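Me: I have a structure to read and do not know where to begin. Could you take me through it feature by feature?

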Amino acid sequence: MTRLLTAIRTIRTNRLDWRAGITKTRHAIIGKEADKGLIFRAFIYLVLIDVAYIYLNPILFMMTTMVKNSADLIDPAVTWVPRMIYTGVLQDAWTKLKYPSAFTISAFLSLTIAVLQTVSCAVAGYAFARLEFPFKRTCFILLIFTFIVPIQVTILPNLIAASQLGLIATYIPIVLPALFGHGLKGALFVIIYRQFFSTQPKELEEAAKIDGASVFRIFYKVMLPLAKPAILVVFLFSFVWTWNDYYLPSMYLKGVQDVPLSMGISQVSAAIAQRESELGPSVFDEPLKMAASFLIVLPPLVLYMFTQRWFVEGVERTGLVE
């Protein structure tokens with residue numbers, strides 16, 4: 001009888017262990033919650049890989065096409081991997097873009113505007129978030145309007161004003177608005193700072209006021225050091241958008257010999273069109289455009305590679321993901 005009871009207990013124990021093993025395996029695959037199982041993670045990785053391929057496919061195709069020789073370009077069997085690396089097209093694009101001088105101009109404009117917008121928009125964003133002044137709500141509504149209204153609507157009066165001041169064919173009309181928190185996407189940067197400063201505890205300002213700190217001292221000594229995530233996001237956004245901007249330089253820099261890289265692709269297209277009219281089309285026309293485009297977007301890509309981690313953290317902490 002004792003042996004029979006022992007056998008029954010053993011069978012029950014084994015059955016419980018078997019059920020616990022099945023439950024553990026099911027939780028590992030499916031998960032106790034819907035967002036923690038293996039199937040859900042595999043689905044997320046599949047979606048991320050598909051999205052990454054959509055964005056990387058044009059860049060990879062551009063890189064492989066611009067290093068093909070004429071034989072690989074006319075061979076339909078060669079799609080991605082060329083039989084040999086040909087750098088003549090890349091050198092031609094480098095020459096037509098006047099890359100050293102154009103890169104210097106683009107870097108100067110982008111860095112200058114990014115620094116000015118980072119500082120001036122921080123002041124405006126803090127004022128909208130923490131200070132009380134007359135017509136505050138009206139000013140913020142007008143700020144939203146400057147973000148909604150496209151730049152093509154206001155470019156004509158800006159061109160007339162720049163022409164009357166003798167600023168056409170100079171970089172001043174492009175750089176000067178950034179000094180006052182405006183410029184390209186300036187309203188968005190003010191909103192980013194306003195969102196960030198609004199989430200900070202008021203006790204910090206109250207403690208600083210008790211110690212006798214003024215508004216400017218509170219801003220520069222207390223609030224601004226806390227705004228490093230917002231500063232990084234605004235700086236990177238401003239730098240990249242200014243680097244890629246073609247519209248404003250094309251309006252203000254007509255007739256200028258030394259232009260930023262964003263206008264270089266139009267120069268390359270004009271050179272290709274002139275050569276086509278004289279000598280006919282060439283098999284290297286499209287690879288030349290791709291090589292020029294790659295040289296233009298390469299610096300922002302390198303910058304993002306080194307700042308990706310801090311940029312993502314900054315976007316999360318500034319509330320842009322909401």
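Reply: What follows goes through the core, a helix, two single residues, the cavities and the pockets. Keep in mind that this is a predicted model.

Me: Let us begin with the core. Which residues of the largest nonpolar core touch the most other members?

Reply: The general idea comes before the case. In soluble globular proteins, nonpolar side chains tend to be buried together. Here the largest nonpolar core has 25 residues, and Y126, L143, I192, Y193 and F197 touch the most other members. Two or more residues each come from α5 (99-130), α6 (136-148), α9 (186-198), α11 (215-226) and α12 (228-244). The element that gives the most to this core is α9, with eight residues.

Me: What does L143 touch, if residues up to four places away in sequence are not counted?

Reply: With those set aside, L143 touches F128, A187, V190 and I191. Another core lies apart from the largest one; it has 22 residues, among them M62, V67, L295 and I296.

Me: Next, a helix. How many Å should the residues of α12 span, and how far apart are its end C-alpha atoms?

Reply: The check sets an expected length against the distance in the model. α12 has 17 residues, which at 1.5 Å a residue should span 24 Å. Its end C-alpha atoms are 24 Å apart, so the two agree.

Me: Which residues of α12 are buried?

Reply: For reading such a list, one idea helps. An α-helix has 3.6 residues a turn, so residues three or four places apart point the same way. In α12, the buried residues are P229, A230, V233, V234, L236, S238, F239, T242 and W243.

Me: Now single residues. Is T118 buried or exposed?

Reply: A residue counts as buried when its relative accessible area is under 20%. T118 has 9%, so T118 is buried. This residue lies in helix α5. Leaving aside neighbours within four places in sequence, T118 is in contact with Y193, I231, V234 and F235. Of these contacts, Y193 was named earlier among the core residues that touch the most other members, and V234 is one of the buried residues of α12.

Me: And R275: where is it found, and how does it count by accessibility?

Reply: R275 is in helix α14, residues 264-279. Its relative accessibility is 26%, so R275 counts as partly exposed. Beyond its neighbours within four places in sequence, R275 is in contact with D92, G280, S282, D285 and L288. Take D285 as a case of sequence against space: R275 and D285 are 10 residues apart in sequence, and their C-alpha atoms are 9.6 Å apart.

Me: What about empty space inside? How many cavities of 30 Å³ or more does the structure hold?

Reply: The structure holds two cavities of that size. For each one, read the volume, then the lining. The largest cavity has a volume of about 70 Å³. Its lining consists of S106, L109, S110, I113, I174, T242, W243, D245, P249, P260 and S262. Both α5 and α12 supply at least two of these residues, and α5 gives the most, with four. By class, the lining has six nonpolar, four polar and one charged residues.

Me: Which residues line the second largest cavity?

Reply: L97, K98, S101, A102, Q257, D258, V259 and Q267 line it. The volume of the second largest cavity is about 40 Å³. Its lining has three nonpolar, three polar and two charged residues.

Me: Last, the pockets. What is the volume of the largest pocket?

Reply: The largest pocket has a volume of about 740 Å³. It is lined by 32 residues, of which I151, N158, H182, G183 and L184 are the closest to its centre. The elements that give two or more residues to this lining are α6, α7 (151-164), α8 (172-179), α9 and α13 (247-252). The classes in the lining are 23 nonpolar, seven polar and two charged.

Me: Which element gives the most to the lining of the second largest pocket?

Reply: α15 gives the most, with seven residues. The second largest pocket has a volume of about 640 Å³. Of its 16 lining residues, Y55, L56, I59, L301 and Y304 are the closest to its centre. Two or more residues of the lining come from each of α2 (38-65), α12 and α15 (285-318). By class, this lining has 14 nonpolar, two polar and no charged residues.

Technical notes:
Residues numbered from 1 in each chain as written. Predicted model: local features only at pLDDT ≥ 70, side-chain atom pairs only at ≥ 80, totals over all residues. Heavy atoms only, no water. Core = buried A, V, L, I, M, F, W, Y, C linked by side-chain atoms within 4.5 Å. Buried < 20%, exposed > 50% of the residue type's maximum accessible area, 1.4 Å probe, protein only. Contact = heavy atoms within 4.5 Å. 1 Å grid on protein atoms, 1.4 Å probe; cavity = no way out; pocket = protein on both sides within 12 Å on 5 of 7 lines; lining within 4 Å. Points joined across faces, edges and corners; volume = space filled by probe spheres on them. Nonpolar A, V, L, I, M, F, W, Y, C, P; charged D, E, K, R; others polar. Expected span 1.5 Å × (residues − 1).
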